[in-house]
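These are my notebook entries on one protein structure. I looked up its strands, its cores, the surroundings of its ligand and a few single residues.

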Amino acid sequence: MACGRSELELYVHLPFCVRKCRYCDFLSGPQYAKGPYLEALEREIASYGPAAEDFRVRSIFFGGGTPSLLTPQEWEELAGVIRAHYMIDAGAEITAEANPGTLDREKLRCLKELGVNRLSLGLQSVRDEELRLLGRIHSYDDFLRTWEAVGEAGFTNRNVDLMQALPGQNLAECLESVRTVAELGPEHISAYSLIIEEGTPFYELYAGGEGLPSEDTEREMVHETAALLASYGYEHYEISNYARPGRECRHNLGYWTGVPYLGFGMGAASLFGGERRSNCRDYERYVRLAGSREACEDVTEWDRKSQMEEMMFLGLRLVRGVSEETFAGRFGVTMQEVYGPVIERFAGLGLLETREGRLRLTERGMDVSNAVMAEFLLEETDG
Ligand code: SF4
């Protein structure tokens, strides 16, 4: 029986990509051989099964990279190992990320049969000029063909990723993508502003900020996106995420609210067994050591202080904020006792507010969310 067991989430990292996008600093690319990696991944997944036998899995997220590059046979093997070693809730949310042009009808059928019930499509823009600039492998027409196939395959829980504040982009161009996607009507839309990451070709070109929309324009894009999506019935529920009512991403909600998770694959992070840890980021090392303790790096105890900090800075990502009652119930002290001065300071600046027993960022607070959240880190003696 599922009831009575604690909840757990699984993340599976599939780093393969057709080629590297020009802005991307994820642990992904075309250089990783699939065979040895998948073997190591399956070994790792199996190895944590016994430790998770008292848990029921409420969501699985296949992220990357481009998980849709796996063949149907590779999907079957991977899903088989997960099912053999974990108890998956009948209603679990199972998401696979996919890029346009890498999904065909056979793969979609296979994913559906394996229980994948949510697809997250990396579109980024409806303007081919912008897609080329980003180094994406697909055009908007490719996306539309994938979108149609996804619908035909019977997927009714779909996310579309958009990227904003692109080099040379103006507000109207940004909103053209938002409106076009909203018209298609996916259940969920993620809209992230481009971040120029060190080590990427974009860093060489745009690190100085030249050629990018100004900070004010970027903020305008974010605000106008929220307003436009609201007019299409999407709720803004997290800094960069919008959903039709009831279609929030369960996996990410779990992550933002402290549900334990096991991350499999190189670089994947876990929050499990009272500690936080990450797998090594080196392919060869991961393939050799996956499933053993030596594959883990950055192991830290998930102590009371970290739990408080995370409840605040992950919870504040959510538009609904953090419940004062939940905080007090979990830690035996009030939010005011631990964070009183910080809360007062930001409330005074109009960046935080308390509504219906929840502390949340105001709209202005959302604009400077990183700076606000950083202040919720505690000294060793606090809490
Ligand atoms: S497809 Fe995604 S993970 Fe792969 S290189 Fe492009 S942005 Fe990065």
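The entries below record what I looked up, one topic at a time.

**Entry 1. The model**

I noted at the outset that this is a predicted model.

**Entry 2. Strand E5 and its partners**

I began with strand E5, which covers residues 158-164. I asked how many of the residues of E5 are buried. I found 6 of the 7 buried, so strand E5 is largely enclosed by the rest of the structure.

I then looked up the strands that pair with E5. Strand E4, residues 118-124, pairs with E5 in the parallel sense over 5 bridges. Within this pairing, Gln124 has Leu162 of E5 as its bridge partner. Strand E6, residues 188-193, also runs parallel to E5, and 6 bridges join the two. Here I recorded Ile189 of E6 as the bridge partner of Val160.

**Entry 3. The nonpolar cores**

I next asked which residues touch the most other members of the largest nonpolar core. They are Leu10, Ile60, Leu162, Val181 and Ile189, in a core of 72 residues. Strand E1, residues 6-14, gives this core its largest share, namely 5 residues. I also found another core, of 16 residues, lying apart from the largest one; Leu316, Val338, Leu359 and Leu361 are among its members.

I returned to Leu162 to list its contacts. Leaving out residues up to four places away in sequence, Leu162 touches Leu123, Gln124, Ser125, Ser177, Val178, Val181, Ile189, Ser190 and Ala191. In this list I recognised Gln124, its bridge partner, and two residues from the group with the most core contacts, Val181 and Ile189.

**Entry 4. The loop after E5**

I followed the chain from E5 into the loop that leads to helix H6, residues 171-184, and there I found Ala165. Its phi is near 60 degrees, which is a positive value in a residue other than glycine. Is Ala165 buried or exposed? I counted Ala165 as buried because it has 21 C-beta neighbours inside 10 Å, and the cut-off for a buried residue is 20 or more.

For comparison I looked up Asp298, in strand E12, residues 296-301. Asp298 also has a positive phi, of about 50 degrees, although it is not a glycine. It has 11 C-beta neighbours inside 10 Å and therefore counts as exposed.

**Entry 5. Around the ligand**

I asked which residues are around the ligand. I listed Cys17, Lys20, Cys21, Cys24, Phe26, Ser28, Gly64, Gly65, Thr66, Asn99 and Gly122. This shell divides into 4 nonpolar, 6 polar and 1 charged.

Two residues of the shell, Gly64 and Gly65, are joined by a cis peptide bond, with omega near 15 degrees. I located Gly65 in the loop between strand E2, residues 55-64, and helix H2, residues 72-85.

**Entry 6. Two pairs far apart in sequence**

Cys24, another residue of the shell, led me to Phe202. These two are 178 residues apart in sequence, yet their C-alpha atoms are 8.6 Å apart in space. I placed Phe202 in helix H7, residues 201-206. Phe202 has 25 other C-beta atoms within 10 Å and is therefore buried. Not counting residues up to four places away in sequence, it touches Arg22, Tyr23 and Ile196.

The second pair is Pro260 and Glu9, which are 251 residues apart in sequence and 6.4 Å apart in space, C-alpha to C-alpha. Pro260 lies in the loop between helix H9, residues 250-256, and strand E9, residues 261-264. Because it has 18 C-beta neighbours inside 10 Å, I entered Pro260 as partly exposed. Beyond residues up to four places away in sequence, Pro260 touches Leu8, Leu271 and Phe272.

**Entry 7. A sheet of three strands**

I closed with an open sheet of 3 strands, which come in the order E13-E15-E14 with antiparallel pairing. Which are its edge strands? They are E13 (322-323) and E14 (352-355), each of which pairs on one side only. E14 is joined to strand E15, residues 358-361, by 4 bridges. Among the paired residues I noted Glu353, whose bridge partner in E15 is Arg360.

Lastly, I looked up the helix that lies across E14 and E15. It is H13, residues 335-348, and it runs at about 125 degrees to E14.

Technical notes. Residues are numbered from 1 along each chain as its sequence is written. This is a predicted model: local features need pLDDT of at least 70, side-chain atom pairs count only at pLDDT 80 or more; totals for chains, interfaces and linings use all residues. Two strands pair if DSSP finds at least two bridges between them. Two residues are in contact if their C-beta atoms, placed from the backbone, lie within 7 Å. Axes are lines fitted to C-alpha atoms, for helices over the stretch in contact, and angles run from 0 to 180 degrees between N-to-C directions. A residue is near a molecule or strand if its C-beta atom, placed from the backbone, lies within 6 Å of it. Ala, Val, Leu, Ile, Met, Phe, Trp, Tyr, Cys and Pro count as nonpolar, Asp, Glu, Lys and Arg as charged, and the others, Gly among them, as polar. A nonpolar core is a set of buried Ala, Val, Leu, Ile, Met, Phe, Trp, Tyr and Cys residues joined through C-beta atoms within 7 Å. A residue is buried if 20 or more other C-beta atoms lie within 10 Å of its own, exposed if 12 or fewer, and partly exposed in between; C-beta atoms are placed from the backbone.
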